[in-house]
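Work through the exercises below with the structure open beside you. Try each task before reading its solution.

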Amino acid sequence: MDAKTLKTLEYAKILQTAAGYASSAPARQAIRALTPAENISEVKERLAEVGEADRILFQHSVNIGFAFDDIGAELEKASVLSVLSMGEILKIYKLLKAGRTAQSAIDKVPDNDIHRIRAIAGGIYINKTLEEDIDRSILSESEMSDNASPELRAIRQKIRKTGEDIKSKLNSYITDQAFSKYLQDNIITVRGDRYVIPIKAEYRSSVPGLVHDQSASGQTYYVEPMAIVELNNDLKTCLLEEEHEIERILKNFTLRISDVGSLLADSFASMTRLDVIFAKAVYANAIKAKMPFINDKGIINIVKGRHPLIPADRVVPTDVCLGKNFDLLFITGPNTGGKTVTLKLIGLFEAMALSGLFVPAQEAELSMFDNVFCDIGDEQSIEQNLSTFSSHIANIIDIVNRMSNKSLILLDELGAGTDPAEGAALAVSIAEFIRMSGAKAVVTTHYNELKEYAVVTDRIENASMDFDPVTYSPTFRLMIGTPGASNAIVIAEKLGLKKEIIDNARGRISEGKMQFENLLGSMELARRRAAENEERTALVRKEAEEALKNVQAERDRLFVQREKLNANVKKETRRMVEEAMEEVNEIVDAIKKLLEDPSEKNLFEARRLRKSMTKYVVEEDNEFLGFGEEENGEINEGDRVLVRPLKVEGDVQSINRLKNTASVRLGKLSSNFCLDDLLKLKSRKNAGPAPVGIPSIPRAAGALRNESFSPEINLIGQTAMEAGANLDAYMDKAMMSGLSEVRIIHGYGTGKLRETVQNRLRSHPGVESIRDGRYDEGGRGATIVTLRSKKG
C-alpha cells in the first residue's frame, strides 16, 4: 500500500490516536511509523499478538507498565567506553526495572494461550544485580549516593568534618567582639570552594589572609584568614578525591553496561514491541474494535463497521462486502449520503488490519492485496495546470498501469468533472477494464449508465446509500443489491426551490430516464418493506431463542437439583441402613450371650430383645423376614414366588403362558412380571419352624425397607418441583426393577399435582400407558402406570 493511498485515507490520524495509548516514547514513535505488512503470515501474527495482549489486559485484568526511555545513544556511547553520566545510567536502570516487572507480570498470567507474548517477554534481559547497584548508587541525574562505594562514603565524611572544623574556626572570628568591627556581616560564605568571611574594605590590611572576591560596590572583600588556609586546602583535596571517586564509579557502570550492551539492545527492542502491542490492544478496546479474519482470496465482509475517525456519537455502522459474489461494487445515491465515507472505511480497515490493528466493527473479514489504490476527493493541481477532471484521470492512468488481479481499487465519482455523456462512457469503459483484469473495486457514481451496466454484467453489483423516503435525509447505511436514485430534483423541491423551476426541470428529463428513476424508487420502497419485515422476524426469532435458552437453563438447573436430591437420599439411606445393621448386630450378640445361660430371666430378656428387632421388619403383607426355600417344578396360580429384580416374595394370581408373564400380588398391589424373573418357593405353611433357642434374624435381602423396591410411591404433600424430581428418580429405578406396573399416589387436592405427575409420565420414554386408579386402587388420587417391557 503506497504512501499516497495512506495519505488520502488519513491513515496517519489513526496511528497518531493509537500512539497516544503507548507508555513509552519509543513505542509511540514505532506506532506512528507503522505500515501495512505484505505477508499474510506476518499480518495474522501481528493480530494474534494483539489478541493475546487483549486477553491479559481485559480478561485477566493484568496491567503492565512500560515506563522506559530510548537508550540507543547511551548504548552507542558505552560501546566506545565514553563515560556515561548519572542521568544516562538512570535510563538504563529504568529499562532494567520496567523489563523485569513486565516479564514477571506476564509469567504470572494463568493462561496457556498467550505463548506469543511470553516468547517476546522471554527476550527481555534481566540483571537484578546491575539494577540494584544503580538504584543504590545514583539518587538523581546530578547526585551520587554515599552508598555508591565505601571510599566515597569515607571521603564525604571527611569533607563534612573538615567543613565543620573550618566553620568552627571562622565562628570564633565573627563572634569575637574585638574582631566584629572589621566584618561587613556576621556570616560565613563560600568563594571558589573555599570558606571566607566578608571584611570591610578599609580594614583589609588588618586581617591577614587571602582575598578571593570583592563586592560590586568595592566596599567588601571576601577574605580567607590565614588560620584556615590549610584547612581549606584539606577540604579542596577532599573535594577532588570525591570527584575522582564519582568518576571511577561512573566508569565502572559504563564498563558493566558496555559488556551487556547487545543484551540491553535486544531487551529494549522487546520492550518497545510489547508496548506497541499492548497500546494496540488498549486502542482496540477504546474504539470497541474486533480482530478481523484475514484471507488471501480478495474477499471483504464488514458487518456493522464504524469509521474510526468519526465521533462515536455520530458514526453510523455500515455493512459492506466484496469479492465473494461480485468483484465490482457501484455505490450510487445523493451527495452527502456517505458514499465517500464508505470508500474510506474500506481502505482504512484494510490498512489497519494489515498493520496489526483491530477494526471497529461487529465482525470483519478482510483480504491481502498486493496494493490498494484510491482516487478520492478533489486533487486539482494549480502548479501542474491540472483541472479536477485532469487530476482524476492522471490518478486513474497511474492506477491502471500499476494494478494487478490482486489489487483493490477505490474510485470516488468515476468519470465526473466533464461532459456527462463522455464521462459516463469513460466510466463504463474503465470499469470494464478493471473487471477484465480480475481486480476488486468499489466505485461511487451518479451515472445511470453504470447502474445499468451492473445489472447486465456478471460479477458486478449495485448498491446505494439509504435515504429516508419521507424526509429525503440520509441514513448513511449502505444497501447492497439496489441502485440508488440521485433525488436531486426532489431534494431541491424539499429545500424550497420554486415550483415552476422544479416542473421545468422534470419536463426536461427524458421519459425513459424518468421511468428508470421511478422504477428505482419502487424498488427502494419494496426493499425497505422487506428489510422492516426481516428486522421484525429477526427480533421475534431472537426472543424465541432467548426463551428457549431460559427453558434449557431451568431444565439443567432442575436436573442438577434432582441429582443432588438423589445423592442426599442415597447418602441418608446408607446411613440409616448402617445404623440399623449395627444395632441389630448388637442385639443378636446380646441374645446369644443370654442364651449361654438359659435361665427364665435371661430367656425373658432374650424374647424382649428379639421383639425389639421387629421395628426393622417391613410391615407390608408381601414382605417377609426371609425368603422361603426354593421348590422345583412349574409355577402355577397360587404359588409362592420370589420376584428376583425386586428381591421380594409374592403370590401368583394368574398366568398368561402366551406372553410368558404372571400377575403377582405384592401386598396391596398386583403387577405383571416375566416368568423368567420369578423363582418358585415352598409354601410358608410347609416350612419348618426355626430351631428352639435360635433367634430368627431378618435376612439382609428384603428385610430392611431401604433394600427393597416398592411398586408404589407417595408424592402427597410435595411441591410440583419436588414431586417431579422424586418421580424421575423413582421411574428410573422402576425401569430397572422389571416391574410392568406401578402406582403413583398424588392425592386429590386442587388437581395440580395430579396434572404435573401425569404430564411428566406421558413424556417419559419408559411409560407404555397411564390411567386413573380404580376404586380399590385409590381412584383419581392415584395414577396406574404400565411400563414398557425390556424386550420392547
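The exercises cover confidence, one helix residue, a set of paired strands and some aromatic rings.

**Exercise 1. Judge the confidence of the model.**
Find the overall confidence, then locate stretches where pLDDT is under 50.

*Solution.*
Step 1. This is a predicted model. Start with the chain as a whole: its mean pLDDT is 84. Of its residues, 87% reach 70 or more.
Step 2. Look for weak stretches. Residues 618–626 stay under 50 in pLDDT. The model still gives them 25 contacts beyond four places in sequence. Residues 686–707 also have pLDDT below 50. That stretch has 38 contacts beyond near neighbours in sequence.
Step 3. Decide how to read such places. Where pLDDT is low, predicted coordinates should not be read in detail.

**Exercise 2. Place Thr-342.**
Which helix holds Thr-342, and is Thr-342 buried or exposed?

*Solution.*
Step 1. Find the element. Thr-342 lies in helix α12, which spans residues 339–354.
Step 2. Check the accessibility. The relative value for Thr-342 is 2%. The cut-off for buried is under 20%, so Thr-342 counts as buried.
Step 3. List the neighbours. Leaving out residues up to four places away in sequence, Thr-342 touches Thr-318, Ile-331, Met-465 and Leu-478.

**Exercise 3. Trace the partners of strand β25.**
Which strands pair with β25, and in what sense do they run?

*Solution.*
Step 1. Locate the strand. β25 covers residues 782–787, and five of its six residues are buried.
Step 2. Take β23, residues 741–745. Five bridges join β23 to β25, and the two run antiparallel. Within this pairing, Arg-743 has Ile-784 of β25 as its bridge partner.
Step 3. Take β24, residues 767–772. β24 and β25 also pair in the antiparallel sense, over five bridges. Here Val-767 stands opposite Leu-787 of β25.

**Exercise 4. Classify an aromatic pair.**
How are the rings of Phe-179 and Tyr-182 arranged?

*Solution.*
Step 1. Set the scene. The whole structure has six aromatic pairs.
Step 2. Read the geometry. The ring centres of Phe-179 and Tyr-182 are 5.2 Å apart, and their planes stand at 85°. Planes over 60 degrees apart count as edge-to-face, so this pair is edge-to-face.
Step 3. Check the surroundings. Phe-179 is buried at 10% relative accessibility. Tyr-182 is buried at 17%. Together with Tyr-203, Phe-179 and Tyr-182 form one aromatic cluster.

**Exercise 5. Find a charge over a ring.**
Which ring lies under the charged end of Arg-191?

*Solution.*
The ring belongs to Tyr-222. The charged end of Arg-191 sits over this ring, 4.1 Å from its centre.

Technical notes. Residues are numbered from 1 along each chain as its sequence is written. This is a predicted model: local features need pLDDT of at least 70, side-chain atom pairs count only at pLDDT 80 or more; totals for chains, interfaces and linings use all residues. Side-chain values use heavy atoms; hydrogens and water are left out. Helices (H or I, at least four residues) and strands (E, at least two) are DSSP runs, numbered from the N terminus. Buried means under 20% relative accessible area, exposed over 50%, partly exposed in between (1.4 Å probe, protein chains only). Contact means heavy atoms within 4.5 Å. Two strands pair if DSSP finds at least two bridges between them. pLDDT is the predictor's confidence in each residue, from 0 to 100. Rings of Phe, Tyr and Trp (its six-membered ring) pair if their centres lie within 6.5 Å; planes under 30 degrees apart count as stacked, over 60 as edge-to-face and the rest as tilted. A charge sits over a ring if NZ of Lys or CZ of Arg is within 6 Å of the ring centre and within 35 degrees of the ring normal.
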